[in-house]
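Got the viewer open and a cartoon on screen? Let's walk through this one stop by stop, selecting as we go.

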Amino acid sequence: RPMSAPTALGPTETGWQRFRKDRAAVFAAWFLLAIAAACLLSPWIAPYPYQKQDLALGAVAPCASHWFGTDILGRDVLSRLLQGGAVSHGVGLVATVVALVFGVLYGVAAGQAGGLVERAMMRTVDILSTLLLTLIVILCMVVFGQNIWMIFLAVGGVSWLTMSRIICTETVSLKNRQFVEVSVALGQSKVGVFTHHYLPNLAGIIAIYATLTVPGVMMLEAFVSFLGLGVQAPMTSWGLMIKDGADIMEECPWLLIAPSVVFALTLLSLNFVGDGLRDALDVRGAKD
């Protein structure tokens with residue numbers, strides 16, 4: 001009986017196989033999924049309501065009934081850590097998606113256009129980059145109101161500038177490659193060139209930028225919340241918990257340690273996943 005020829009794997013399947021071989025990236029991905037799932041399910045798995053106060057109890061160090069202790073208002077730190085993680089993950093992911101969509105589309109459009117149009121679009125990015133982006137976010141919150149969705153849009157709306165510049169440079173390089181020129185000569189549409197050639201070659205860069213943007217967005221959200229224009233009490237986020245814990249770290253060190261450790265592990269995991277995705281999806285530098 002003749003043996004069937006092996007089926008060629010597409011770029012997605014090949015990239016997934018490469019990613020699975022990176023044990024550190026896979027472990028980091030599972031850790032991120034576990035943290036995200038715990039935060040998403042916090043209303044059901046948290047030991048206490050995150051906003052419940054017990055002024056008579058006050059700040060208590062970690063114990064059997066409160067694994068991560070309580071804050072000065074008697075609120076359970078573990079419950080607030082889970083709720084804060086849901087907010088931080090939401091801000092980080094949604095704002096990053098907004099930044100990636102704007103940055104990739106703007107950068108590809110500028111790079112594909114070339115010439116005077118490209119220079120004008122990139123000079124616009126340079127001008128916007130000189131502005132105090134944090135101030136822009138604050139103004140958006142003041143003008144359009146303080147709600148969680150406005151945080152998503154405002155933070156994401158100022159985080160796309162660097163991405164657009166990087167994508168534009170890579171697009172200029174790619175459009176002069178032979179396989180892109182052949183596709184254009186054969187009549188492939190701009191959308192087809194974008195999906196079949198630009199995106200696969202830009203996937204590694206996009207993945208790395210995303211992992212760098214998420215923590216930066218989380219910190220920007222924490223700063224805005226600290227000014228009273230972001231997350232409002234009794235809601236919380238990891239950045240805000242770290243700020244509150246730092247204020248009384250000498251008296252209650254557990255209030256700083258718990259969110260700081262979880263936040264640091266999340267950032268480290270994002271870096272590992274980003275490196276793994278870069279190695280797996282970078283079709284130019286991938287080696288079997």
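Start with the whole protein chain in cartoon: the secondary structure comes to twelve helices and zero strands. Read along the sequence, the pattern is simply α-α-α-α-α-α-α-α-α-α-α-α. Keep in mind that this is a predicted model.

Stay with the full view and switch on the surface. The protein chain exposes about 15800 Å², and carbon and sulfur atoms supply 69% of that area. Of the 288 residues in the protein chain, 41% are buried. As for how the chain meets itself, take the contacts between residues at least 6 apart in sequence: 70% of them join residues at least 24 apart.

**Stop 1: the largest nonpolar core**

Hide the surface and select Val-77, Leu-81, Trp-238, Trp-254, Leu-255 and Phe-263 as sticks. The largest nonpolar core has 20 residues, and these six touch the most other members. Which elements give two or more residues to this core? Colour α2 (23-40), α4 (77-113), α10 (190-226), α11 and α12, and you have them. The largest share comes from α12, with eight residues. In soluble globular proteins, nonpolar side chains tend to be buried together.

Now centre on Trp-254 and show its surroundings. Leaving out residues up to four places away in sequence, Trp-254 touches Ala-59, Val-60, Ala-61, Pro-62, Phe-68, Gly-69, Thr-70, Val-77 and Pro-259. There is also a second, separate core of 14 residues, and Val-104, Val-193, Phe-194 and Tyr-209 are among its members.

**Stop 2: an aromatic pair**

A search of the whole structure finds two aromatic pairs. For one of them, select Trp-238 and Phe-263: the ring centres are 6.3 Å apart and the planes sit at 70 degrees, so this pair is edge-to-face. Trp-238 lies in helix α11 (residues 238-247) and Phe-263 in helix α12 (residues 254-281), so the pair ties together parts that are 25 residues apart in sequence.

Are these two residues buried or exposed? Trp-238 has 1% relative accessibility and therefore counts as buried. Phe-263 is buried too, with a relative accessible area of 6%.

**Stop 3: further along α12**

Keep helix α12 on screen and move to Phe-272, which lies in that helix. Phe-272 is partly exposed, with a relative accessible area of 37%. What does Phe-272 touch, not counting residues up to four places away in sequence? Select Ala-24, Ala-25 and Ala-28 to see these contacts. Draw a C-alpha to C-alpha distance from Phe-272 to Ala-28: the two are 6.3 Å apart in space but 244 residues apart in sequence.

**Stop 4: the salt bridges**

Time for the charged side chains. The whole structure holds five salt bridges, and three of them make good stops here.

Begin with Asp-71 and Arg-75, whose side chains meet in a salt bridge at 2.9 Å, N to O. Both Asp-71 and Arg-75 are buried, and for Asp-71 the relative accessible area is 10%. Add Arg-80 to the selection: the side chains of Arg-80 and Asp-71 also meet in a salt bridge, at 4.0 Å, N to O. Arg-80 counts as buried, at 7% relative accessibility.

Next, jump to Asp-126 and Arg-165, where the side chains form a salt bridge at 3.1 Å, N to O. This pair links distant parts of the chain, with Asp-126 in helix α5 (residues 115-130) and Arg-165 in helix α8 (residues 161-175), 39 residues apart. Asp-126 is partly exposed, with a relative accessible area of 26%, and Arg-165 is partly exposed as well, at 29%.

Before moving on, select Asp-71, Arg-75 and Arg-80 together: salt bridges that share partners join these three into one network.

**Last stop: the cysteines**

How many disulfides are there? The count comes to zero. Two cysteines worth clicking on are Cys-39, which counts as buried at 4% relative accessibility, and Cys-168, which is buried at 2%.

Key
Residues are numbered from 1 along each chain as its sequence is written. This is a predicted model: local features need pLDDT of at least 70, side-chain atom pairs count only at pLDDT 80 or more; totals for chains, interfaces and linings use all residues. Side-chain values use heavy atoms; hydrogens and water are left out. Rings of Phe, Tyr and Trp (its six-membered ring) pair if their centres lie within 6.5 Å; planes under 30 degrees apart count as stacked, over 60 as edge-to-face and the rest as tilted. Helices (H or I, at least four residues) and strands (E, at least two) are DSSP runs, numbered from the N terminus. Buried means under 20% relative accessible area, exposed over 50%, partly exposed in between (1.4 Å probe, protein chains only). A nonpolar core is a set of buried Ala, Val, Leu, Ile, Met, Phe, Trp, Tyr and Cys residues joined through side-chain atoms within 4.5 Å. Contact means heavy atoms within 4.5 Å. A disulfide is a pair of cysteine sulfur atoms within 2.5 Å. Accessible areas come from the Shrake-Rupley method with a 1.4 Å probe; for residues, only the protein chains shown count as cover.
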